[in-house]
Every structure is written in structure tokens, then in C-alpha cells.
Amino acid sequence: MKTIIYNLFIFTLILFFSGFSFAQVNVSTYAGALNIQGSMDGNLTTARFGGPAYIAFDQAGNMFISDAPNNTIRKIDTQGNVTTYAGATTSGYVNGTLANARFHGPIGLAFDTIGNLYVGDSGNNCIRKIDTNGNVTTFAGSQVSDFIDSPNPLNARFRNPNGICFDNNGDMLVADPFNHAIRKITLAGVVTTVAGTGVSGHLNGPAASALFQVPIDVKVDAQNNIYVTEPQVGTVRKISNGTVSNFAGTNTTGYIDGIGTAARFNQPYFLAMHKNGNLFVSDQQNWVIRAISPAGNVQTLAGTGAYGTNNGSGTVATFTNASGMAIGPDGALYITDYNARAIRKIMIPNPTATTPAFVCKGNSATLNASGSAPQYKWYNDQSSATALSGNATFTTAPIDSLSTYYLTSFYKGLESSRIPATLIPEIMIASFTADPKSCLGSTVNFNNTTAGAGNYSFAWDFGNGNSAISTNASEIYNLAGNYNVKLTGTTQNGCVDEFVLPIEVVNNPVANYTFSEVCEGIQTSFQNVSSGNGPLSFSWLFGDGSTSAMETPHHPYGSAGIFEAKLIVISIDGCIDSIQKMVEVFDNPMVDFTFSDDVCKCDNVTFTNTSSIASNEMLNFQWETPGLSAPDMNTNFSYSFCDEGQNPVKLTAISTKGCIAEETKNLNVLIQPDAGFTSQVIDYGKIEFTPNDMAASSYNWDFGDGNTSIIQQPEHTYASNGTYIVTLSITNINECMEVETQEIVVLEVSVGTHIAQQQLKVYPNPYRNFTNIDLSIIEAQTVKLEVYSIDGKSVVVLADEKLFPGDYKFYFSAKERGFQPGIYFIRLLSEGQTSNFKIVELD
């Protein structure tokens, strides 16, 4: 197996060609020493390789090389340090760490999108994986050589897998040379056959029936087309949409540049796919590097057709067994020159990009390329595969900001490093700020915010027919509406930029209010009648230091006077209007009156009005007190108060402005003594008088018969029967006097004799419930029988008629008559004569 693989590399056929005309690409030795074999790590010049076979770059720009005879994976970092990345010079099949792992003739290399490195471990018939943590595992296949697809990658079988790559779906493609097939390993690890049957041959057509003869390498373009090298038949095959065809060359060896199948190769081994779609082929036994355009045009990029290790221009450089290739981050094509034991590098000299001295923002710029290349390409970034132009002169799109384009020298599919051409336009981006909404009649300020404004000239168009030439500007709009304000800036080089900002000018609110003039201390009602774009907000200044934010406030002024009340109205747009009005607050009357307090009951009291008003207006008055049927409208007031205690008196003063004030005071009517009294017959003609008020300070009795007394509770004996007017004058400690007059009846001073005792009989006497009264009449006569209380008042008339001779019975009960038990008198009046009889009813 080893013999077959190495024979593919070392098979030598020396052909000499003449008449080649190459552009000045440059071929150099990048790493290793030509024709010196070894495994030593070091820098680019001291490191040694046993037989570099394949190249891959990681995302950081580090180069990885499969050093097949040394059974190792080598690494050249971006600083040019060469190290052994994985494996050892002793072949084997060991998974593990980078240092402990063992490989057997590794060839193909490829990175997935997350940085895992995959190795076509040809001598071990499997695909190995080196993850980002440095762990080496078997990804697919085993040491057993066979041709088996499987959903389990470890159950699949390969025969000396060589070149590998990832398609645009993330699936791995494997050139399986001695199974004469192209294999696929999906992201899920399912191993299938893309094309080939396992039988050697050269047959195009459907991929499932197509035949290959020892396919060595595989690459994919941006459209997911697959390209395969078949060294033994001198052909580059293409698999597109499930169909296999000859892309370049045919089943005949030779050395001819041309289109597609007209071209000839002698053992095309390995491929490199450029992002621009060009394919590079190491044509081993023609000892040259070929380039194939996407259209299939085959050209020789470097090499004379002679075996050797010469460096120099593409027309003098020679190769031994050019093998694996890859496009580096710098655009160069890196090649493993297997028999020369070195890494070779092909570069195109970088071009020079010329930019204009200045470009105005929004204008296009013309860029020019110069150098030794026959063609140049312009790109808009470092990684794009599609060029903007393939001419030396390139006109850009309008430049609005700092823009960088990239220029490459282009020759037969290979490009130089991308040289930046940066355009810094005169970025005079005109701009200004202003309030988007302003109030009618206010000054609108336009603040120029153009960067570097001091170096430019400016012109303003305010949209209302007015204009200005200044850096900053202001304008007063006299009509509400929408205006487009334009600022035009011009640089010293004549570059112009414009900026338009729409603004709106809105009407101001109209402030207005009404109010009612009031008296001091009374709330003034302010009626807001303002209008404007609402909702409106309000601010009131009442002129006395008080404020309010209410729409329609009520404000009490604490004193009379003239106040400037101001209303400020703010619309939703922030526009302001205000109005001031003079509010007069009228004086209130100052009400007061005097009078003599602590009067006796029913005394006539005079109230003297002392009210006044600061404005000296005429005042009207009204007096009110309980018991007065209607207010008294006089200035002063007199009234007799007969209710003891506090009697409220209210005086109301009304000014000619309608301002009202009132004052209420209490008049104290002193407690009046009670001059009432009771009288009680003690004996015939003798009466005891008892006053109701036993706490008075003095008593004056007039018994009505010319006699008087100052004793509190006197007894008085009348000389004869009759009716008497008794008067009591009583004075209390408040010196209030009360007089009471009563009429009393004094009955017989003694019992009459004109009626025999036996004629009137009363029993029992004293009694509790009732007493019997027996009356015997001897001769017919008119008789009145009446009962009196002790104070001489009639209680009941028992008889008042003419009685005939005989016996008559009566009875009397005070309780039944609704009177209290006590002393009563029975009076018998007959034939003009009177007899009295005392009875006592017990309780």
C-alpha cells in the first residue's frame, strides 16, 4: 500500500516545453530547505520536512501540513515558528493527546467551521479528528481496508483516503482512491458514496454509475460543485447536480493549455479552490502549477515543465512533485513540494492604488491601479469572492462616508494581497438642530451642528421666503404652518451638502378670564375662557402672593384692595399667552354695638350701633333677636327681654357694595324673683301667707286692709269677712323686683248663729276618703251649699236651689275632685245669712 502511494508522488517524467510566456509571479521557498529531508522543528529556514503532502489554514491564519513520511501533522504559526502539532515520526494508530497520538502516512487536511481539524490518515484507512482541545479520535473508518457505507461512521470502511474537504452544507467529502469513489460523511456521521461504484474506470454520467480511477483530491466551489483529480487518467472531473463530467483534460495525458477537455495534464494530483472560483492544480509529472477558470480555461501559472527546485519568476521556477496546495490569508498560493521536502510559495507582486486628492460626499471617485500585472481586480472588502471591477481604472459608487476598496493584481486566477485604497470624502455632512415645533411670533434658533463648521460657508432658506448667510441663524415666523428649513454648506473645495429639517409653527393660546368682584374674605370666582391647542395648563397669580394651577379657581382675598390678577396659559405645544386684570375687593363693614348687660326680666334695653366701614360708604342695618317677629331696620335698637338667661342679639351691616358683616352678642337677663305666694286659714279670720321664693333678699306685704308687713312668711288676722287684694313685692340679690297681687276671700270670722247647729251636721271630720254632710230644712227656703279651699277659691257647689222642709244628704271628697287633701271650708248661704264650717281631709 505505501509503495503505491509513494510511487504516485515520485513518479518522474521530464518534459521540456518552450514558448511559455508568464506574467511575473514570484516563486519562493517558504519553509524547509530544498532537497534536505528531516523532521526538525524550528523557524522557517531551519525546520525540516520528510515529505510535505497537504496544506490547510485555520481561521487564525496558522498553516498545518501533513508530513506523510514523518507520520505527523506540522504547524507553522503566523510568526513563522514550525512545530510538530500531532503525532510522531513512528507510524501507528493511537488516539489520545496530540503528543501521544500516532498516524500512518497522513495526507488530507480540512478544518470545520468551529476549528476542529480532520486528517485523511491514509495508511490507517480512516479519518481522524483533532478537536480544539487537542484530543485525537477516530472520526470515521478503522484500520480495516474495505468499501462500506454506514450510518455509524466507525463502521464505515475506506481504502487509503487522501484529499478531504467540507462542502457548503458542512458535510465532509473524501477522495477514496483505491475504492475509486468519492465518499461523504454528513454532520450526523452518516457515511455514503457520492459518486463511483468501487470499480476502477473512467465513465461519466449519473454519479451512482459513474466510474473513477484512483481519485486523489476533492474540492468544492461556492455553488457546491465537486471537483476531483484523477492523476492516472490526466483528468479533473466535476460532479454537479448528481452528474459526473470531465471538467478539464480527458482520458489522455499530455501538457496542453486550453478550454476544458482540450487541455491535457500529466498526473494532476492536488487542488486548491480560490474564493474567486478559480481552481489550481498541481500537475505533478508536468512539474507545473495549472490554473483553471470557472469556465474551464486551463493555463499554466508557474513552472517551466522541467523537474527542479529553482525559485524566481513563474517563467524560471521549477518543481519536483508539487502536491497539496492552499490559498493563504495573504492571497499567495502555498504548495507542498513533496520531493523537494519544502513548502513553496507563489505570489503576484502587489499593485499600487492611486486615489484622487479629494472627493465630495455623495460623488463617485475614480481609482487607478498600476503595477506589473496584466489584470487588476477591485473588491469592496477583504473576503468577497466577487470583484467590483476587473479594470485598472475603477469608478466607485457615490461616496457618503469613509470608504475602503481593495485592489489585487490578478493573473490566471491567482491574486495578490488585497491592497486597501481608502477614500476620505470631504465629509461635510450639513446638519443643524431646531425645535421641531415653535410658537407663532417666537424666535426660532437654528444651531448649526455641521462638524468642522468653522471651515465652511453656509446659506439658509427658512421656507417662508426669507434667507440668511451665516453659520447659525434665527427666524421669527409670522404665520402658523409647516416649513422646510434648508441649510446648504459648501467646503473650501466646493463640495456641497444640504440638510432639510421640517419645523412646525403653531398658534399661541389666547388667555382670557372673567371674574366677579367680591367683598374681602369671600371667594372670588375666576371663570377661565382661554382657548388654544389643548390640553392647556394654567398658572394663576392672584396679586396677593397666592397662586393656583386650577383651570377655574376660587380665591378668597384676605383684605380689601385692588389686585392685579394674572393668568398664564400654556398650550400642549409649550406656547404661552398671559393676561392681567385688576380685581377690586370691597371693604367689609366693621360691626359692633354697645348695651347695658345684666338686666332684669322684661327691662327695656337700648343697643347703640358703633359699626363703621373703611370706605365710608353708607351702611344699612338689621337687628335680630329671638321673639322679634321681623328684623328691626333702625340704626339703633330697643327691646324688652322677658326670657331669663342669655338672649342673643345679632346686628347685620350691609354696605352699598353689598358687603355684609354681622356681630352677635348675648344679653344676660338676670333671674327674676318669684312673687307668687299661697294663703292658708289658720283660724277664723286668721290667714298665713307663704311666698314661693324663700331666697329673696326682701319682702313687702300689703294685706289689702291697710296693714303691711316685711316678714318673709307673715300671719294676718282680718277683722271682718270680705274680699281683699293682697300684694307681695319681692326683691332678690340681683336687685330685681317682682310684684304679685292676689284676691282672697275671708269668710266668717266666727260661726254664725242664725242657723241651728243641728241644721248642718258634718261627719266624720277629720276624714280620709270622704265626709258626710247632713242638712235639715225646717222651712222652705233657697239654699246654696258650697265648698272652698283654704285660699278662698270655690271647689264645688253641692246645692244651689230652693229646698223644702226635710233632710238632705251630701258628701265631699277632695281627692275625687282632683284636689289635694287638706283644709277646706263648707259655706251655707240661706235667707241672706252665711254659715262656715271647717273640714280637714287627711292624706
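This report describes the overall form, the backbone details and the charged pairs of one protein chain.

The model is predicted rather than determined by experiment. In this model the secondary structure of the protein comes to 71 strands and 1 helix. Along its principal axes, the C-alpha trace spans about 200 × 75 × 50 Å. The radius of gyration of the protein is 70 Å, whereas a compact globule of 843 residues would have a value near 28 Å.

Turning to the surface, 49% of the 843 residues count as buried, and the protein exposes about 36900 Å², of which carbon and sulfur atoms supply 49%. When contacts between residues at least 6 apart in sequence are considered, 53% of them join residues that are at least 24 apart.

**Details of the backbone**

Two peptide bonds of the cis form can be described here together with the places of their prolines. A cis peptide bond with omega of about 5° joins G534 and P535, and P535 is found in the loop between β46 (523–528) and β47 (537–541). Another cis peptide bond, with omega of about 5°, joins N765 and P766, and P766 has its place in the loop between β65 (760–763) and β66 (771–777).

A positive phi is found in C602, a residue other than glycine, where the angle is near 70°. C602 lies in the loop between β52 (593–594) and β53 (603–609), and because its relative accessibility is 37%, C602 counts as partly exposed. E735 is also a residue other than glycine with a positive phi, here near 65°. The place of E735 is in the loop between β63 (722–731) and β64 (737–746), and E735 counts as exposed because its relative accessibility is 68%.

**Charged side chains**

The protein has 72 negative and 43 positive side chains, and the centres of these two sets lie 28 Å apart. Side chains of opposite charge can pair when their charged atoms come close. The structure holds 22 salt bridges, and the table gives three of these pairs with the distance between the N and O atoms.

| Acidic residue | Basic residue | N to O distance |
|---|---|---|
| D337 | R344 | 2.6 Å |
| D497 | K361 | 3.4 Å |
| E504 | K437 | 4.0 Å |

In the salt bridge between D337 and R344, D337 counts as buried because its relative accessibility is 0%, and R344 likewise counts as buried because its relative accessibility is 0%.

The salt bridge between D497 and K361 links distant parts of the chain, with D497 in strand β43 (residues 496–506) and K361 in the loop between β29 (352–354) and β30 (366–370), 136 residues apart. D497 has a relative accessibility of 12%, and therefore counts as buried.

In the salt bridge between E504 and K437, E504 lies in strand β43 and K437 in strand β37 (residues 437–439), so the pair ties together parts that are 67 residues apart in sequence. E504 counts as partly exposed because its relative accessibility is 30%, and K437 is partly exposed, with a relative accessible area of 36%.

Salt bridges can also be joined into a network, as they are for D41, D67 and R74, which are linked in this way.

Key: Residues are numbered from 1 along each chain as its sequence is written. This is a predicted model: local features need pLDDT of at least 70, side-chain atom pairs count only at pLDDT 80 or more; totals for chains, interfaces and linings use all residues. Side-chain values use heavy atoms; hydrogens and water are left out. Helices (H or I, at least four residues) and strands (E, at least two) are DSSP runs, numbered from the N terminus. The radius of gyration is taken over C-alpha atoms; the globule rule is 2.2 Å times the number of residues to the power 0.38. Buried means under 20% relative accessible area, exposed over 50%, partly exposed in between (1.4 Å probe, protein chains only). Contact means heavy atoms within 4.5 Å. Accessible areas come from the Shrake-Rupley method with a 1.4 Å probe; for residues, only the protein chains shown count as cover. Lys and Arg count as positive and Asp and Glu as negative; His and the chain ends are not counted. The place of a charge is taken as NZ of Lys, CZ of Arg, CG of Asp or CD of Glu. A salt bridge is a side-chain nitrogen of Lys or Arg within 4 Å of a carboxyl oxygen of Asp or Glu.
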